[in-house]
Amino acid sequence: MNELNIDIANIRAIGVTNQRETTVVWDKTTGEPLYNAIVWLDLRTQSTVERLLKRIPGKNKTFSKFKTGLPLSTYFSAVKLRWLLDNVEEIRRAVEDGRAMFGTVDSWLIWSLTGGTNGGIHCTDVTNASRTMLFNIHSLEWDPDLCKFFDIPMEILPNVRSSSEIYGLMKICPSRESGALTGVPISGCLGDQHAALVGQMCFRDGQAKNTYGTGCFLLCNTGQKSVFSEHGLITTIAYKMGKDKPAFYALEGSVAIAGAVVRWLRDNLGIAKTSQEVEKLAAEVGTSYGCYFVPAFSGLYAPYWEPSARGIICGLTQFTNKNHIAFAALEAVCFQTREILDAMNKDCGIPLRQLQVDGGMTNNKILMQLQSDILCIPVVKPSMPETTALGAAMAAGAAEGVEVWSLNPGDLSAVTCERFEPQINPEESEYRYARWKKAVMKSMGWESSEGPSNGDSSIFCNLPLSIFIMSSMVILIGAKYLSGK
């Protein structure tokens with residue numbers, strides 16, 4: 001701040017935004033995490049999901065849909081917390097001793113910044129709570145029945161607050177050297193995608209945004225009414241801007257792999273040295289040459305919720321090169337967005353006329369033009385694409401007791417935008433999209449946590465028993481003959 005000639009005394013409030021489902025358990029007596037955070041993409045919890053499904057009549061993944069808005073999936077925090085309790089002895093002991101605290105990353109940050117072991121505030125906001133599978137999105141409280149189903153003690157859960165209120169003040173801790181912001185209120189808290197919705201100023205029913213980061217997340221504001229999807233989307237709390245303000249809801253389509261596919265091309269395949277080079281490779285060919293890439297590295301999220309899927313590249317020929325694969329990877333991000341936008345249009349009944357976008361990947365102009373071509377609608381990017389940070393700041397500044405600005409839609413000014421219009425005909429878009437859907441079907445059913453029943457992956461496990469016995473006898477007789485005995 002000093003280097004930017006900003007007086008620290010002018011900092012009126014602090015907002016927090018975070019990866020939503022990433023799960024942390026820490027010791028409230030030492031202030032230390034009891035295990036590494038389990039991030040939202042982690043698939044170690046697949047066996048936990050399968051075990052829990054066996055307890056549900058008909059193995060219905062949407063058994064809690066009307067309470068939580070969510071399907072049972074490796075994605076959400078309750079399953080990650082259950083995995084920690086089942087697999088980490090230190091966490092089990094801390095729970096038994098009354099020392100354990102659970103939270104998503106926002107809870108850990110707020111607790112640490114408000115004093116930690118010296119009186120830290122253990123809380124979260126409604127948007128992060130709504131991603132745990134333990135929270136009733138109508139009563140806005142932790143649900144005792146769901147906590148019982150997952151066998152999670154309610155005393156380790158944080159208090160749930162609104163997205164815009166003073167949670168506590170920054171406090172010097174004995175373990176912290178710097179206290180320049182001591183006394184500044186922490187007054188905004190939103191999960192990252194909800195913060196982006198606020199930062200894009202989507203405060204009216206039907207307004208939507210898509211964030212392109214590690215994953216891809218399309219949220220549509222449905223107002224004070226929770227809308228339940230019939231097409232594979234999830235229902236979530238969009239925001240609650242004050243203690244006494246109503247909760248607003250959103251429909252969301254979540255894609256696990258977006259920017260992560262570019263990183264995979266760079267780090268795992270080594271076809272480019274930088275993310276920017278992937279854009280250049282794609283631009284040089286301008287086509288995938290019939291190559292389709294389904295980056296289901298962590299299974300498929302919306303609208304399929306299929307954890308058994310794995311990534312595939314298909315349609316390869318001897319002429320396919322790294323440029324075509326780079327183009328197919330960018331196109332895959334756009335096709336995944338098309339799938340969730342189609343689902344959202346069906347659920348809402350009113351098709352979106354344009355898509356507001358943000359996030360780091362929106363700097364890729366090839367991607368943005370591809371997205372407009374595949375959706376057949378304009379794509380609109382604000383001049384300041386870091387809307388997640390902006391949304392957290394907006395919530396913090398609007399909180400009661402801070403009030404440096406108003407978030408009433410009529411008080412907000414328009415922002416400058418870059419606009420991308422479709423440049424291909426709809427028939428070509430539909431043809432490419434249909435081929436993508438064919439590739440998606442081929443990606444499914446690859447993985448199971450159970451594996452082969454006998455653990456033998458040799459070719460003989462696929463032979464009929466009689467052929468196996470006869471071939472073994474021939475081998476033995478031949479060996480005896482060759483040995484001269």
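This briefing walks through the overall build, the nonpolar cores, one helix, its cap, a loop residue and the aromatic pairs of the structure above. The model is predicted. Its protein chain holds 15 helices and 18 strands, and 52% of its 485 residues count as buried.

**Overall build**

- The radius of gyration of the protein chain is 25 Å, which agrees with the value near 23 Å for a compact globule of 485 residues.
- Along its principal axes, the C-alpha trace spans about 95 × 60 × 45 Å.
- Among contacts with a separation of 6 or more, 73% join residues that are 24 or more positions apart.
- The chain exposes about 22500 Å², and 54% of that area comes from carbon and sulfur atoms.

**Nonpolar cores**

- The largest nonpolar core has 119 residues, and the members that touch the most others are L72, F150, I152, Y212 and Y239.
- Helix α11 is the top contributor to this core, giving 14 residues.
- A second, separate core has nine residues, among them I110, C123, I186 and C189.
- Back in the largest core, you can follow L72 outwards: setting aside residues up to four places away in sequence, L72 touches V49, L52, L53, I56, K61, F63, V79, M133 and F150.

**Helix α12 and its surroundings**

- Helix α12 covers residues 365-375 and is mostly covered, with nine of its eleven residues buried.
- Those buried positions are L367, M368, Q369, L370, Q371, S372, D373, I374 and L375.
- Their packing partners include three strands and helices you may like to pick out in the viewer: β10 (208-212), α11 (322-348) and α14 (426-443).
- The buried residues of α12 also pack against β16 (355-358), β17 (379-382) and β18 (417-420).
- Just after α12 comes C376, which has a positive phi, near 65°.

**The N-terminal cap of α12**

- What caps the N-terminal end of α12? The cap is N364, with a side-chain oxygen 3.1 Å from the backbone nitrogen of I366.
- N364 sits in the loop between β16 and α12.
- N364 counts as buried because its relative accessibility is 11%, under the 20% cut-off.
- Apart from neighbours within four places in sequence, N364 is in contact with E279 and L330.

**L140, a loop residue**

- L140 lies in the loop between β5 (135-136) and β6 (141-142).
- With 24% relative accessibility, L140 counts as partly exposed, since that class lies between the 20% limit for buried and the 50% limit for exposed.
- Beyond its neighbours within four places in sequence, L140 is in contact with F135, I237, K240, A247 and Y249.
- L140 and S162 are 22 residues apart in sequence, and their C-alpha atoms are 9.7 Å apart in space.

**Aromatic pairs**

- The count of aromatic pairs comes to 25.
- In one of them, the rings of F335 and W436 have centres 5.4 Å apart and planes at 20°, so the pair is stacked; planes under 30 degrees apart earn that label.
- F335 belongs to helix α11 and W436 to helix α14, so the pair ties together parts that are 101 residues apart in sequence.
- F335 is buried, at 1% relative accessible area, and W436 also counts as buried, at 1% relative accessibility.
- Elsewhere, ring pairs link W40, Y75, F76, F217, Y301 and W305 into a cluster.

Notes
Residues numbered from 1 in each chain as written. Predicted model: local features only at pLDDT ≥ 70, side-chain atom pairs only at ≥ 80, totals over all residues. Heavy atoms only, no water. Buried < 20%, exposed > 50% of the residue type's maximum accessible area, 1.4 Å probe, protein only. Helix = DSSP H or I, 4+ residues; strand = E, 2+ residues; numbered from the N terminus. Contact = heavy atoms within 4.5 Å. Polar contact = N/O pair within 3.5 Å; in protein donor to acceptor, adjacent residues only side chain to side chain. Core = buried A, V, L, I, M, F, W, Y, C linked by side-chain atoms within 4.5 Å. Rg over C-alpha atoms; globule rule 2.2 N^0.38 Å. Areas by Shrake-Rupley, 256 points an atom, 1.4 Å probe, with all protein chains shown as cover. Phe/Tyr/Trp six-rings, centres within 6.5 Å; stacked < 30°, edge-to-face > 60°.
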